[in-house]
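The following exercises are meant to be worked through with the sequence and the coordinates side by side. Try each task before reading its solution.

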Amino acid sequence: MKNEQLFPLIQKAIDKDQKAQTQLINIFWVDVFSFVMKKVQDENDADEITVNVFSKVLSKLDMYDPNFQFKTWILTIAQNTIIDFWRRKSRENQDPTENLEEVKNQFAKSPEELMISEEEQKKIIKTIESLDANYQDIIRLRFFEEKSIKEIAEELGISVANTKVRVMRAKKVLAELLKNNGLGDHS
């Protein structure tokens, strides 16, 4: 698809037209997934990264410069997301004793501090409960039951592509609500 044909679609997607957003995702999904898969060589990781890429693409659409190929712009976001993924992976694989101080500090928390984190947890759960039932299901299946995109698709009787879009939207809506409730991203 030529950039000229994409511009009206991109504009609609910027204006939060969900059909246009889904269409953009569908047009570029295979390109991005293939690109990511070559770099990470694991289907589950590639799936997760691709969902993150499109989440970023949709949230940064208004920053897209029409002087560049849209596909190149998306793949640049994909490349940066892959770099973040590998950084996170290498941190996870560090010597566990390096984080010993952090663990000790966790146990050294005062009861008040522990109450605050319990309080935050309750707020997060309350926020999730305030979501639309479809989003609640998606978040429960993906993050509490830790099911794969494919398992969720089968359980809900929807396509894998549709499941990916729903997971992405649910994450976006939840993040927005949490930010509005003063529980922004702590990572």
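Helix axes are taken here as lines fitted to C-alpha atoms over the stretch in contact, and the angle between two of them runs from 0 to 180 degrees between N-to-C directions. The model to which this is applied is a predicted one.

**Exercise 1. State how many helices and strands the protein chain holds, and what share of its residues is buried.**

Solution. Counting the elements first, one finds nine helices and zero strands in the protein chain. Turning to burial, 31% of the 187 residues count as buried. As a last step, the accessible surface is about 12300 Å², and 52% of that area belongs to carbon and sulfur atoms.

**Exercise 2. Determine how the axes of α8 and α9 are oriented relative to each other, and which residues form their contact.**

Solution. The axes of α8 (residues 149-156) and α9 approach to within 9 Å and cross at roughly 105 degrees. Angles of 65 to 115 degrees count as roughly perpendicular, and α8 and α9 are therefore roughly perpendicular to each other. On the α8 side the contact is made by Ile 149, Lys 150, Ile 152, Ala 153 and Leu 156, which meet Val 160, Thr 163, Lys 164, Arg 166 and Val 167 of α9. Sorted by class, this contact comprises six nonpolar, one polar and three charged residues.

**Exercise 3. Decide for Lys 164 and for Lys 171 whether each is buried, partly exposed or exposed, and list their contacts beyond four places in sequence.**

Solution. Lys 164 is found in helix α9 (residues 160-180), and Lys 171 also has its place in α9. Because buried means under 20% relative accessible area, Lys 164 counts as buried at 8%, whereas Lys 171, with 24%, is partly exposed. Setting aside residues up to four places away in sequence, Lys 164 touches Trp 29, Asp 47, Val 51 and Ile 149, while Lys 171 is in contact with Glu 48, Asn 52 and Phe 143. The C-alpha atom of Lys 171 also lies 8.6 Å from that of Ser 55, although the two residues are 116 residues apart along the chain.

**Exercise 4. Check the span of α7 against the expected value, and name its buried residues.**

Solution. At 1.5 Å a residue, the twelve residues of α7 (residues 133-144) should span 16 Å, and the end C-alpha atoms are 15 Å apart, which agrees. The buried residues of α7 are Tyr 135, Ile 138, Ile 139, Leu 141 and Arg 142. In general, an α-helix has 3.6 residues a turn, so residues three or four places apart point the same way. Just after α7, Glu 146 adopts a positive phi of about 50 degrees.

Definitions and conventions:
Residues are numbered from 1 along each chain as its sequence is written. This is a predicted model: local features need pLDDT of at least 70, side-chain atom pairs count only at pLDDT 80 or more; totals for chains, interfaces and linings use all residues. Side-chain values use heavy atoms; hydrogens and water are left out. Helices (H or I, at least four residues) and strands (E, at least two) are DSSP runs, numbered from the N terminus. The expected span of a helix is 1.5 Å times one less than its number of residues. Buried means under 20% relative accessible area, exposed over 50%, partly exposed in between (1.4 Å probe, protein chains only). Contact means heavy atoms within 4.5 Å. Angles under 35 degrees count as roughly parallel, over 145 as roughly antiparallel, 65 to 115 as roughly perpendicular and the rest as oblique. Ala, Val, Leu, Ile, Met, Phe, Trp, Tyr, Cys and Pro count as nonpolar, Asp, Glu, Lys and Arg as charged, and the others, Gly among them, as polar. Accessible areas come from the Shrake-Rupley method with a 1.4 Å probe; for residues, only the protein chains shown count as cover.
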